[in-house]
Every structure is written in structure tokens, then in C-alpha cells.
Amino acid sequence: MMFQARFHGRGGQGVVTAAEMLSVAAFLEGKHAQAFPSFGSERMGAPVVSFCRISDREIRLREPVLEPDALVIQDPTLLHSVDLFSGLKSDGAVIINSTKDVADLGLDALVERLPAGNIRSVGATELAMKHIGRPLPNAVMLGGLAAMTGVIKLESVIAAIRQAFPGAIGDSNVAAATAAFEVVAANKKDAVSC
Amino acid sequence: MLKQTEGSHAVAEAVGLCRPEVICAYPITPQTHIVEGLGELVKSGHLKGCEYINVESEFAALSVAIGASAAGARAYTATSSQGLLFMAEAVYNASGLGLPIVMTLGNRAIGAPINIWNDHSDAMALRDAGWIQLFAETNQEAVDLHIQAFKLAEILSCPVMVCVDGFILTHAVERIDVPEQELVDAFLPPYEPVQVLDPKDPVSIGAMVGPEAFTEVRYLEHHKQMRALDLIPELSAEFKSIFGRDAGGLVRPYRTEGADTIVVAMGSVNGTIKDVIDDRREAGDKIGCLSICSFRPFPLEEVRAELLGVRRIVVLEKSLAVGLGGVLASHVRMALRGRNQLVYTLIAGLGGRPILKKSLSAFLSKVEAEPHADVHFLDLKNDIVEREIERASQQRRSGPTAENVLKHIGSPMAGLV
């Protein structure tokens with residue numbers, strides 16, 4: 001089985017690094033993983049896409065991720081300007097960086113299409129501001145993705161973050177990612193109980 | 001050591017393990033991360049005994065490598081696209097003088113229109129410049145080919161270009177086994193030049209050669225590449241005996257046994273093709289593929305042997321010989337001369353257009369009933385092309401083609417996702 005994730009955000013938000021860190025986390029769990037950017041002329045603020053595949057076997061495929069199992073949306077201002085949900089699998093997972101409830105994001109059609117609980121929001125920018133002091137949501141969102149999909153363990157995400165950002169910056173990113181993991185994991189329990 | 005790392009960074013590490021003595025660097029996307037990585041290795045002291053020279057252009061990069069190599073140093077540089085064209089004169093000089101420089105080519109399209117994305121136009125533009133050209137299928141192979149390239153270059157005293165798909169490989173982060181220094185040292189001995197500029201034993205390199213000897217000098221250049229046809233498989237086997245994995249060689253067949261159709265291609269697209277082959281084999285299609293690793297020298301006999309008895313050959317290539325069709329397809333036809341086999345040219349992936357499994361499989365489904373072999377374009381937007389031809393025919397001052405096509409397509413990123 002191959003797990004495929006697509007990351008959407010804007011230049012400067014670490015979209016490419018997010019996919020790379022996810023691939024490192026999967027590698028640390030002994031899996032094959034492939035991360036790559038959408039190869040645009042990246043500019044601060046412009047829409048950016050990156051991809052990550054995870055598999056137990058060697059990954060030979062070199063096409064972009066067309067039918068993602070998971071979508072990580074690092075910037076909610078993209079929600080209604082870019083076709084973010086193109087090809088999303090019918091049982092796919094979506095995690096959106098927003099302090100709003102999913103019900104308030106204007107995504108009713110998508111919510112209806114996906115299984116209950118497969119679309120979630122987490123205020124990653126706010127968590128980043130609190131822990132890191134800069135609006136960098138990428139590592140934070142990975143914590144949320146780990147809680148939501150279980151495709152990767154939180155400790156692998158933490159190790160990947162530390163590898164990408166050694167020292168104090170790594171510590172603060174780990175704190176923010178762990179907070180996001182807890183928020184999403186708690187949400188998940190709520191969803192299951194009701 | 002197994003690590004999850006960027007292709008460019010792994011190539012930089014591999015080149016560092018080969019103990020280059022001079023690295024000439026000039027940045028150009030998508031190759032830049034490689035020379036940046038090497039710069040870090042030199043500055044941090046991990047790569048000792050190496051002079052890292054920042055130059056002012058690609059022409060200077062290769063010219064300095066030529067000087068360094070002629071003075072007896074193991075020399076390396078890297079470039080892409082317009083950078084290769086800008087150094088074209090020096091590219092011919094390096095091979096004409098018989099200097100064993102290794103250069104990475106991060107394959108990228110050539111403008112105009114300007115395009116930073118991957119295809120093989122740059123490598124094809126200088127295919128006849130006398131360099132050996134090897135194409136990497138994966139980042140692991142990119143690493144391994146560089147180690148083989150220095151040895152091949154130095155045995156023959158002939159420059160080698162290692163072609164690595166820009167972005168698709170250079171910017172992909174994946175699992176790569178970066179070899180240990182001791183193993184590389186066991187495989188690659190110190191450079192022992194066949195010619196060297198040495199004040200104690202002066203020679204002149206680069207004499208003018210007139211009609212009386214030019215043909216002979218060229219013939220000897222060709223002879224070196226013919227020797228490479230034997231050496232490349234030998235080095236690949238020796239590499240395997242030391243490092244324990246397959247890399248390089250002339251050609252690599254995949255599931256070709258009993259095949260009616262074989263897809264021929266170079267570089268990273270072979271990964272996608274193999275996935276398509278597996279799907280189609282499972283559905284009962286007798287199909288396989290052949291990856292060409294050595295484009296120069298071109299292994300005519302091996303290609304001919306691998307394609308024996310196959311009904312249809314689809315040559316997928318990431319470059320277009322405008323006014324002809326496919327470069328690789330023409331080579332494959334030469335390999336098959338005298339045989340009545342259908343060779344289809346399929347141009348794909350120009351300027352970074354993704355080569356999709358779905359599109360490739362659809363083409364392979366219709367190829368059986370397709371009588372016209374030349375020349376097909378994968379995922380060509382016919383409506384756009386026809387509208388532009390019609391529009392341009394309506395008025396003399398129809399304006400620039402690229403800009404008019406863009407008007408109908410929208411954002412340059414449209415269709416990438």
C-alpha cells in the first residue's frame with residue numbers, strides 16, 4: 001500500500017520542508033518515502049505545492065500526487081482560490097490550518113463527501129506564534145497529521161523536525177507540533193464519542 | 001550509509017567521496033544544490049585537498065576545469081540547460097583534448113521560451129560533443145554513476161557527463177545509500193593522468209591539426225568511445241562486486257521476456273514506466289521496457305539484441321528534434337536497421353510536463369491499432385494548438401506564439417496538480 005500526501009501553502013511557509021520532514025519521519029520508521037516539490041518558480045506568498053509518498057516497497061513512480069490520501073492545507077486563504085481537493089480519495093483525510101471550526105469554512109460539499117471526522121482544522125499558525133514566535137505552520141501541521149491519520153508516529157515526526165532544525169528552533173517546533181497532535185487527538189475522541 | 005536525503009545533496013556527497021582536487025562552480029537551476037553542497041563540504045573541511053573555485057560563468061567553469069585537468073588534477077563541475085550551451089565551446093575542447101573531467105548535467109529544457117523545468121534538450125544538444133553521456137534512473141544510481149564516471153573518464157582520458165533529471169531527481173528527497181569512503185577508495189584509485197602540463201617535463205596540449213591528421217585524431221576519439229562500450233559493463237560489474245548493487249551498464253531490460261511491445265526511455269521516467277508495465281502485465285499485456293543508461297557511446301548491438309523479435313517499440317523521449325521527431329527513436333531505428341519492426345516516437349515530458357501513468361497507459365492501449373509511428377506527443381493540448389494556428393493565420397502581425405498560447409492556458413502552474 002502506498003500513502004500519498006499533498007501539501008498546499010504559500011511560499012515562505014515551509015511547504016516543501018513539510019513534505020521532506022514527513023518523508024524523513026517515514027524513513028526513520030523503516031519505510032520507503034519520496035518527497036518532492038511542485039517545481040514552481042517559488043516566490044514568497046505564491047501558492048506552493050509539495051508531495052510525499054510513503055510505502056513499504058521501493059517507490060518508482062515520478063508523477064505528481066494526483067489522488068492524495070491526505071491533504072495538508074497550510075494556508076486557509078487558498079481554500080477557495082485553488083482546486084485543493086482535486087483527486088482526493090473518497091476516504092481521504094484533510095487537515096486545514098485554521099482556528100475556525102470545519103463547519104464554518106464553507107466546505108459543506110466536501111464534508112458531506114468524506115467520512116465523518118476526515119476533515120479537521122487546527123490553529124497551526126497560532127500554535128506556531130505561541131511556541132516558535134513566527135508564523136511557520138509546517139512542522140505544527142505534521143503533528144496534527146500524525147494524530148489524524150496514524151500513518152506516522154508523533155515521535156518520528158519529532159525526530160524528523162529535530163533533524164531539519166537542530167537546537168532551540170527544533171525544540172520550539174517540536175513543542176508546537178506536539179501541541180497540535182494533542183489538540184487533534186482530543187478532537188478525534190470527541191468525534192468518536194458523539 | 002542509508003539516509004533520507006535530497007538527490008542533489010547525495011550527488012554532492014558522492015562527488016566528494018571521489019576526492020576531486022578542483023571544483024569549478026557556477027550556479028544554475030536545477031543543478032545549484034549540488035555545487036552548494038560541495039561548497040559546504042570543502043568549507044567545513046570534510047573534503048580536503050580540494051580547491052573550490054567560484055567562477056563568473058559556465059564558460060569559465062568548464063575552462064577552469066580544463067586547465068586544472070591538464071595540470072593533472074581530478075576536476076569536476078556541474079551545469080544545466082543554457083549553462084551547458086554557454087560552455088559549448090569548452091565542452092568540445094575538453095573532449096577534443098582528451099581530459100577526463102566529470103560533469104553533472106541537471107537536465108533542464110532550453111529556451112526560448114524560458115523554462116526551468118526538466119527535459120533532455122540540453123543533453124541532446126551536445127550529444128555529439130565527444131563526451132560520454134550516462135543517464136541516471138534513480139538518485140541511488142545518480143550517486144553510483146558519479147563514482148563510476150571518474151574511473152571511466154580516467155581510464156579512457158575522456159570526459160563524462162552524468163545526466164540527472166532536474167527537479168524530478170535533483171530535488172527529490174528519498175532513501176539513498178551513500179557509500180563509505182573506504183569502498184570508494186577501493187574502487188577508484190588516485191588519478192594518474194596520461195598527459196600533464198608539467199614545467200619539468202614540458203609538452204604542448206592543444207596543437208593546431210590540419211587536414212593531414214584531423215580525421216585520425218577524431219577517429220581516435222571515436223575509438224575511445226567504442227572501448228567504453230566494453231568498459232562500462234565491466235565497471236558496472238566491478239562496482240557491484242564492491243558495493244553490492246546494480247548501477248550503470250549500457251542498457252537495462254525490465255520484464256521484456258516474451259514481450260510484444262517494449263518501451264524504450266532514458267532517465268527517471270523509467271520508474272513510472274515500470275509501474276505502468278507491472279499494471280499492464282497484470283492485465284495480460286505482453287509488455288516490457290528498456291532503460292538506456294549509456295547514450296554516448298550508444299550501444300547499438302545491445303539495443304538490437306534486447307529488441308529482437310519484438311513487434312512494437314515505443315520510444316518515449318524527453319526532447320524534440322524540431323523538424324524531425326525523436327533523437328532517441330532515430331538511434332533505436334539505426335540499431336534495428338534491416339529489421340521490419342515498428343518504432344513509435346512518443347515525445348513526452350517537455351519543459352517539465354508531468355508524465356502520467358494514466359496518459360502513458362492510454363497511449364500504449366491505442367498503439368496496437370495505430371498505423372502511424374511518427375511522431376506522437378503525449379498529452380498534447382490539440383485545441384490550444386489548433387486555435388493558435390488558426391489565430392495566427394488570420395493576421396500578419398499575430399504576435400508572439402508563447403504569450404498567445406499562455407493567454408489560453410492561464411496560470412503557468414495550471415495543470416501541474
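# A guided tour of chains A and B

Begin by selecting H8(A), which touches V49(A), L71(A), I73(A), Q74(A), L78(A), V82(A) and L84(A), leaving aside residues up to four places away in sequence. The model on display is a predicted one. H8(A) belongs to strand β1 (residues 2-10) of chain A. Because 25 other C-beta atoms lie within 10 Å, H8(A) counts as buried. Add L71(A) to the selection: H8(A) and L71(A) are separated by 63 residues in sequence, while their C-alpha atoms are 7.6 Å apart in space.

## Where chain A meets chain B

Next, select the residues at the contact between the two chains. Chain B contributes 24 residues and chain A contributes 21 residues. On the chain B side, β8 (173-177) and α10 (269-282) each supply at least two residues. Colour α10(B) separately, since this helix is the element that gives the most to that side, with five residues. By character, the residues of chain B that touch chain A comprise 13 nonpolar, six polar and five charged.

Now display strand β2 (residues 32-37) of chain A together with β8(B). These strands pair in the antiparallel sense over two bridges. To find a point of reference along the pair, label Q34(A), which stands opposite E174(B) in β8(B). In general, strands of a sheet pair through backbone hydrogen bonds, either parallel or antiparallel.

## The two domains of chain B

Colour chain B by its domain assignment: domain 1 spans 2-243 and domain 2 spans 251-377. The C-alpha centres of these two domains of chain B lie 27 Å apart. Their contact draws 27 residues from domain 1 of chain B and 21 residues from domain 2 of chain B.

On the domain 1 side of this contact, select α6 (121-125), β6 (132-135), β7 (160-165) and α9 (214-243) of chain B, each of which supplies at least two residues. The largest share of that side, five residues, comes from α9(B). The residues on the domain 1 side divide into 16 nonpolar, seven polar and four charged.

## The open sheet and its helices

Move to the strands of chain B that follow in the order β9-β11-β10-β13-β14-β15; these six form an open sheet with mixed pairing. At its edges are β9 (251-254) and β15 (376-377) of chain B, each pairing on one side only. Select β9(B) with strand β11 (residues 287-292) of chain B to view an antiparallel pairing over four bridges. Within this pair, P253(B) has L290(B) in β11(B) as its bridge partner.

Two helices may now be added to the view. Helix α12 (residues 327-335) of chain B lies across β10 (261-265), β13 (312-317) and β14 (342-347) of chain B, and runs at about 145° to β13(B). Helix α13 (residues 357-367) of chain B lies across β10, β11, β13, β14 and β15 of chain B, and runs at about 150° to β13(B).

Continue to helix α14 (residues 382-394) of chain B. Its 13 residues reach 19 Å from the first C-alpha to the last, close to the 18 Å expected at 1.5 Å a residue. Of the 13 residues of α14(B), the number buried is zero, so this helix lies largely in the open.

## Backbone details in chain B

Where should one look for cis peptide bonds? One runs from T29(B) to P30(B), with omega near 5°. P30(B) is placed in the loop between β2 (22-25) and α2 (32-43) of chain B. Another cis bond runs from R296(B) to P297(B), with omega near 0°. P297(B) is located in the loop between β12 (294-296) and α11 (300-306) of chain B.

Finish with two residues other than glycine that have positive phi. Select R19(B), where phi is near 55°, in the loop between α1 (7-17) and β2 of chain B. R19(B) is partly exposed, with 18 other C-beta atoms within 10 Å. Then select S81(B), where phi is near 45°. S81(B) is part of helix α4 (residues 81-86) of chain B. Is S81(B) buried or exposed? With 30 other C-beta atoms within 10 Å, S81(B) is buried.

Technical notes:
Residues are numbered from 1 along each chain as its sequence is written. Chains are lettered from A and ligands numbered from 1 in the order in which they are written. This is a predicted model: local features need pLDDT of at least 70, side-chain atom pairs count only at pLDDT 80 or more; totals for chains, interfaces and linings use all residues. Domain bounds come from an automatic or database domain assignment. Two residues are in contact if their C-beta atoms, placed from the backbone, lie within 7 Å. Ala, Val, Leu, Ile, Met, Phe, Trp, Tyr, Cys and Pro count as nonpolar, Asp, Glu, Lys and Arg as charged, and the others, Gly among them, as polar. Two strands pair if DSSP finds at least two bridges between them. Axes are lines fitted to C-alpha atoms, for helices over the stretch in contact, and angles run from 0 to 180 degrees between N-to-C directions. The expected span of a helix is 1.5 Å times one less than its number of residues. A residue is buried if 20 or more other C-beta atoms lie within 10 Å of its own, exposed if 12 or fewer, and partly exposed in between; C-beta atoms are placed from the backbone.
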